Structure formats: C-alpha cells, structure tokens
Amino acid sequence: MADAISAALLLVETAIICTDQLHSRTSSVRKDLERARNCLARLQQWDNHTNPQAREKQVQDLACNIEDAINEYLLQVSQHSHTNRFSKLAHNVGHFIPDWIASSKLSSSIDELERDLNLVTLLDSVHSNGPQEGRPSSSTGPQGATLTHRFLEDHEIVGYDEEKTRLFQHLGERNPELLTIVIVGPGGSGKTTLVKNVYQSERVSSLFHFQAWIDVPLDLDQLLPKLLRRFKQEVDPHEDISDLQEKLRRILENKKFLVVLDNVWSHEAFESIVNALPKTEGSKLIVITRNIDVAPVSSNYIHDLCAGLSSKKANQLFCKKAFPDVVRNICPTHLEDWAEQIVTRCEGMPWAISQIGTLLARTPRVAVEWKKMHDTLGSDLSIASSISHYRDLPSNHKECFLYFVRGKSMDESRIVVFPTLFVSSSFPKQSISSLFLEAKSVGNIVRDSGEKIRRLSVQCDINLLRNIDLSRMTHTRTLLVFRQTANRSELHMVLKACKLLRVFGLQGVPELVNFPESVISLTLLRYLSVRQTNIESVPRSIEKLGLLETLELKDTLVTNLPKGIGKLHHLRHLLVYCNAVNNNMMFGAAQGVEFSTSKISALSISNSLQKLSLIKVNTNKKFLKALGELKDLRRLGLVDLHREDGRELCCTIQKMDDLSTLDVRATSEDEYLDLDHMQSGSPPLLLQHLYLKGRLKRVPEWIPKLTSLKKIGLKWSKMDADAEPLTALQDLPNLMELDLVDYYTGQVLGFGDETFKKLVALSIDKFDKLNLISIGEKAMPMLKKLTISRCPDLKLLPFSSGDLELLEELLLFDMPNEFIAEFETDSERREDLKHVGVIHYSRHPGSYQSDGFKDLSPSKWR
C-alpha cells in the first residue's frame, strides 16, 4: 500500500513542476494538484500508523486512482517547452481549449476522489484520533524490545561531555520534590544516547530505589500499564485510569525513583505520567522529546541539543567511524574535501554522522565513491537522521526501494520495484500489481483475474498478450518485452491500450525494423528502449515525448538522429550505437551516430544530460567545444577521433567534473590518440571507467593521477618497450580490471614487484610478438580471472607455484598448440595450476564454441 501512495506523491510533485514550467494558467491546476497531495498525505498518515489489512486494497486503489487522474491530465496537456516567447504565446493560444478541458476533468476527478476517501470510515481516525506531528518512532528504550535504529555506543558520544556531566549533577541533586529534566533535540541529535549512557551507569543506579525507561506509545491508554509493568506490577485490563494512577502512587510513595519518558510527542503524554507520579523528595523525571512545547514551562532543567555537535567534534566522530583502521583515525588527504562536505550535510547530528561514517568505512576510499555518497544525502539530513523505518522515507526515496525487473538493470535513477507475481503454468488468484509472463501459455486464467495490470514484463512469446484483456492494461505504467517475436499490429493495439505508459522496453526483437509509430503517442514516457532491434531511424516526432529521460538505441542500426532530439529537455541518458560488424574483436565493431553541433547546443540548454554515447566526432571544429557545455555528463562515448582533435577533447572533458566513464575511439586502427593536453594537470578525477581505442605513443601523463579508476580498456595502442606501457598503470590504487588488446609490440611484458595491488581481472589479447610474461613478487595479489588470447609466440604459462594464489579462472583463446600442451600433459608446470578452479580453452576468441573447446580444469585431470 505504501508503494502506491509513494508513487502517486512523486507523480504529484512531477505534475506541479511540469505545469509550472509549461503553462502560465496554472493557479487552478496547482490547487487541484495540491488537493490530490493532501488526499495522499491523509492516506499516508493513516497507513503509517494504522495499516489494517482489511482496508489495504481500498486505500491502494484510492492512491492508484489519484495517480491515474493526474496521468490522464498530463496526457492531455502538451509537454512542449518553449524558449521563444512568441512560440510560447502561440502554444498557449492553440492549446487553450484542450488544456481547459483537461484541467476541468482533473478537478472533477479530484472532487470524486475526495468523496471516495471520506467514505473510508477508518480514515476518520486520521482526523480525530490519528497521529499528530511529532509522534514517536517504533523504537524502545534500553530495557524494552529491540530498537529499529541502534543507539550510539558509549565511545561514540563525542562532544557531549559537558551535557553528560551536567546531567549527572542534576540527577544527584537533593531536590525537595519531583524534579523534571527535559532533553530536547531533532532526530539523530544524540539525546536518547546521552540519557541512556547516564541512565545505565552504576553511579546513577545507586541513587534510586526504582528506575524505569518508557518509550511513549501511540496509544496513551497503554502508557500507565507500560510503566507499571516496568515496576513488575500486574495490570488488570479492566482497571480504569484512576485505579492505575493510585496503584502507581502506592508503589512509589516515599521511594526515590527515576523515570525516563523517551519520544514524548504530546503535552497529553507528559501530563498523563506527571499527574500519576508522587512528588517524592529526590525523585527525577527525564523527558526526551523533539518538541520543547510538550513539556511545561516549569521544567527544572532543559538540555537543548538542537545545535548538534561543533564542527571539530563532528569531524572527530566521523573520522572515528569512517577510518577505524587508520592510526588516530586520520582522514586521507585526497578525501578531506569530501569528508568535510559530508560532515557539513549531517548538520552536527551524531546519529547521521555515525551511520554515514560507518557506511563509508566499507566504501572504497576513492573520491568518486565519496562524491556519490555526498550526492545521495540530499540537502537536509535532519530528515534522514530521524528515519528508522521504510515508512519514514520521503516518497521519492521510497520508490527507489520498490521496483526491480528480474535480472535486468535499467535506468538506475528512475526505476523502482514493486511486489511482484510470477506467472507460470498456474496463476494465483490474488491482486496483481506487477505481472511477469514467462510461460509458453497461461490460458484464459490471466484474463479471468479481473485486476488492473500496472506493470507487465513479457519474457515469452508476445502472442501471449492475447490472453490478457487489453481493457485491464489501460492503467499500465511499465511494459517490458524481451527477446520475442513482435507482431506489428498486435504491438500497436497493446500500446494504444497502454496510454499511461511511463516505462517501455522492447529488447532483442530482430524483426523490428521500423520505429513503432504508436510510441509517439505515449507522451508520459520517461524511459524508452528498443535495443537489439534492427530499427534504422528515429522519427522527428520523437520531440513529442517531452518528458523522456532515457532513450536507449544500443545495438540498433540507427546512424543518425533527428533534429527533434534537441527538444527533449528532460533527456538524461542517450545511449546509441550501430553494429557495423558482428565480430566485436575487430576495430570498427561498433560505429557511432552522427550528431550535429546544433543538437549538442540544444541539449545543453537544460543541462540535464548525463550519458551520451557513442557519438561521431564531427569534422566541424566547433563540435568538441560545444560538447564542453554538457558539464553534467557522467558518461561520454566518442568515435572517429582524429589526432588533431586531441587537444580540444582534453579541454572539453576537463569541464566535466562529474565524468565517470570515458570511451574514446580513433577514426582508424592506425590513427593516434593525442591526449596529453590536460591544462594545469587537472584531469577528471572522478573517472572510474576509461576506454581508449587507437594508437598511443605512451600512456597519457594524467592517467596515473586518476585514483578513482576501477576499469581500463586500452586497445590497438601498439606501444613499444620504450614507452614502459605498464609503469603508468601499476600504482593506480583502485584499479580492478585491465583489458589490453594489441597494446604492446614488445617480446617481454613484466609486472613489477608489489604492483597492481587491487587488480581482480586481467585480459591480454593480440600481443603478436610476446613470448614471455613475468610476474614479480606480490604482484597482482588479488587477481581472480586471467584471460590470454591470440598471443602466437607465447610458449609458457605466465606464473609458477606461489604466484597468483587467488586465481580462480584461467581463460585461453586461440593460443598455440605448444602452449596448450602444458595443460594436457602431466608436467611440473601443471602442478602450478592445481589451485585454479576453472581452465577453459577455445579456438575462437571471446566465445565458447563446440569446435575446439576444451575444459582443462584440474577437476578433469586424471
């Protein structure tokens, strides 16, 4: 139920942004959208604190109906954006009547939905007895049940030494009557931790006859019974509140006691206990709350933790958690800036600092990973600090937990996962939110269930869709079809029914030659993929998909993109290349797409594009300069680069501070890549994946500075021994994968002592003159996979006993018979391979074909 509410809330926010951006007449629409948001807030509030199973489907349907109403509105209004005021005026005039009709329909739909919502009788509790602002989370105190979030440990209390000392002093005072101490602060400020550490100390225990820690429940009627049980008293369910109060007074009369009320969320919660406690001399009451207004003005002492830790103490706590294995917990120099920014985001809140520091302790110590953490924190961690449950997450974050497509990785920033049903030869009679069709036939049982299908993944013959009533797909948001035969007319019927689609993927359908015209009518689409099809062109009308964020045309025959692509101002990911030949071992296996300077300039207006690959480098000298305007790019792939383009390319990529993947390919196998032109020695330091295809005189000087690099592919570099081809790479601190093709023309390739310390996978391919690989002591100590291909002069294994002790997989392709013979005969050299789990050989580079394939694994030895 929560997932439907979250999805609808996120859509409301998107709709508000869209209407604000695209229209000048938004006052009435905004009011209707805000009414929808209020309805969802009521549903969410009820769901978070009540959640009766009997009403779950009813509330879920209400949330989905709100989503449908907004989608219907967005479908009717135009999604074009205009930079010219005259074209914008013409747009407003031309679309006035359709937009007015859509707005009126939206208003009527919200009216109806409000009436439906008010008919849900359980929702009345939201208005009368429902949760109020500041209600507690589900945590309990030290003597209660398991916490949904953990306390900070005693050694983690940094910066509250003075508060701790003061609290000890207050508890030791000889007060003539009950003394009230208030600890106030936002979630994650450390208030509960501070009190817990004092409460559990022997010093405090010796001061009182009785102690009790109570986490204030939602139901205040349970507060007194809970406190009595802490004092080991039986509670009769028929006793009224006056009986319970009297019983509590008798127990505590003339006794010194300490009562802690954690998560006090209302003044009523405070008074219900205070009124029942005797005013015994020396006794103390500690109130822990996020809201100072819940405690009376007459409170004796107030400890305000709202300011959080000082900058110095915050950094001290963070480093203690993030670098537990470093002497004195000192932050490495290359991470200091990101550490400072992350700590600043935590706003002095100890819980947030501790949790994020602990998470980063398990994260690679590279700038790009720390930047990712920083960017995911948002601008206000005061909210995140209080999150102890999925339900506490903001709606846009909830979606990120809710949508997986089985075995498929899609747009990481948008795809979400919902509870899913898998359909095989039998189909369960229960509610359908997501439907996976995998069987060859499921019969009419799918047709008979009667539920709306909101997410559909077809991994079987598309004709199976005939078994589903298309009227059930009018509310479908996601449709994914994999590796199936596509009937054009049937696909048209399906897409016509799915007018509210936001995610559409048609993958591995070779029969698809023409771009499906029906897609253009799906104006709510955010994600569109037609990869691994034979589509040759994209229509100019693609510009009608004004909300599109991801367009994936990988493994298609598209060689050019229409001018309309520049009008997709929400586009974040543009992935496209053309398969020129089937053999990916050849230089020109994949060709890029023509892309004009004007298209680049148009896309730079919104500055939202993050992935652009593979694009042909235009001979126009202004092309690479225009590319530099896409400063938010994280992935860039370029082909047909000439030697003289190198200087401008270096200047361009230096502007892309967030660049994570760079793929550069020369115009031909013999063309040099001239990339040693980074100004002031400042390369894109967040780069994680680097692929260079083309000749190199030497490894560019800036590459050894890329401390975040995880994977490098260097192909057709053809460097000689004087270039020292491995020296520049050997000390990269986080390099895990190294793929080398025709990289080196020398006879001996040497991996020096204690080099490539984190390398996990190494591939050496097409080293025509190589006859010896030497591996120094403690070189590549983490290597698990080694691939050697097409090295005709290599006669010996590259390692002996004691080398590469963690190696698990050895793959050999198209190697000379003399080399393979070492694995087939019982020799001393074969003894060096006993620890390797898998050893495979094939005559065909990059693939396992029956012709020439051999399993040489030790398990096959006799």
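Helix 7 and helix 8 cross in a right-handed sense. This crossing belongs to a predicted model of a chain with 25 helices and 27 strands. Of the 862 residues of the chain, 53% count as buried. The points below take up the helix crossing, then a group of strands, then one buried residue, and finally the chain as a whole.

**The crossing of helix 7 and helix 8**

- Helix 7 spans residues 161-171 and helix 8 spans residues 191-199; their axes come within 10 Å and cross at roughly 50 degrees.
- An angle from 35 to 65 degrees is neither roughly parallel nor roughly perpendicular, and the two helices are therefore oblique to each other.
- On the side of helix 7, the contact is made by Glu 163, Lys 164, Leu 167, Phe 168 and Leu 171.
- On the side of helix 8, Leu 194, Val 195 and Val 198 take part.
- By character, the residues of this contact divide into six nonpolar and two charged, with no polar ones.

**Strand 26 and its neighbours**

- Strand 26 covers residues 838-842, and four of its five residues are buried, so the strand is largely enclosed by the rest of the structure.
- Strand 25, made of residues 809-813, pairs with strand 26 in the parallel sense over five bridges.
- Within that pairing, Leu 812 has Tyr 841 of strand 26 as its bridge partner.
- Strand 26 is also joined to strand 27, residues 854-855, by two bridges, and these two strands run antiparallel.
- Here the bridge partner of Tyr 841 is Lys 854 in strand 27.
- Tyr 841 thus appears in both pairings, as the partner of Leu 812 and as the partner of Lys 854.

**Asp 645**

- Asp 645 lies in the loop between strand 16 (635-641) and helix 23 (646-653).
- The relative accessible area of Asp 645 is 10%; because this value is under 20%, the residue counts as buried.
- Leaving aside residues up to four places away in sequence, Asp 645 touches Val 617, Lys 621, Leu 624 and Asp 640.

**The chain as a whole**

- Among contacts between residues at least 6 apart in sequence, 63% join residues at least 24 apart.

Definitions and conventions. Residues are numbered from 1 along each chain as its sequence is written. This is a predicted model: local features need pLDDT of at least 70, side-chain atom pairs count only at pLDDT 80 or more; totals for chains, interfaces and linings use all residues. Side-chain values use heavy atoms; hydrogens and water are left out. Axes are lines fitted to C-alpha atoms, for helices over the stretch in contact, and angles run from 0 to 180 degrees between N-to-C directions. Angles under 35 degrees count as roughly parallel, over 145 as roughly antiparallel, 65 to 115 as roughly perpendicular and the rest as oblique. A crossing is left-handed if the near helix is turned anticlockwise from the far one by less than a right angle, and right-handed if clockwise. Contact means heavy atoms within 4.5 Å. Ala, Val, Leu, Ile, Met, Phe, Trp, Tyr, Cys and Pro count as nonpolar, Asp, Glu, Lys and Arg as charged, and the others, Gly among them, as polar. Buried means under 20% relative accessible area, exposed over 50%, partly exposed in between (1.4 Å probe, protein chains only). Two strands pair if DSSP finds at least two bridges between them.
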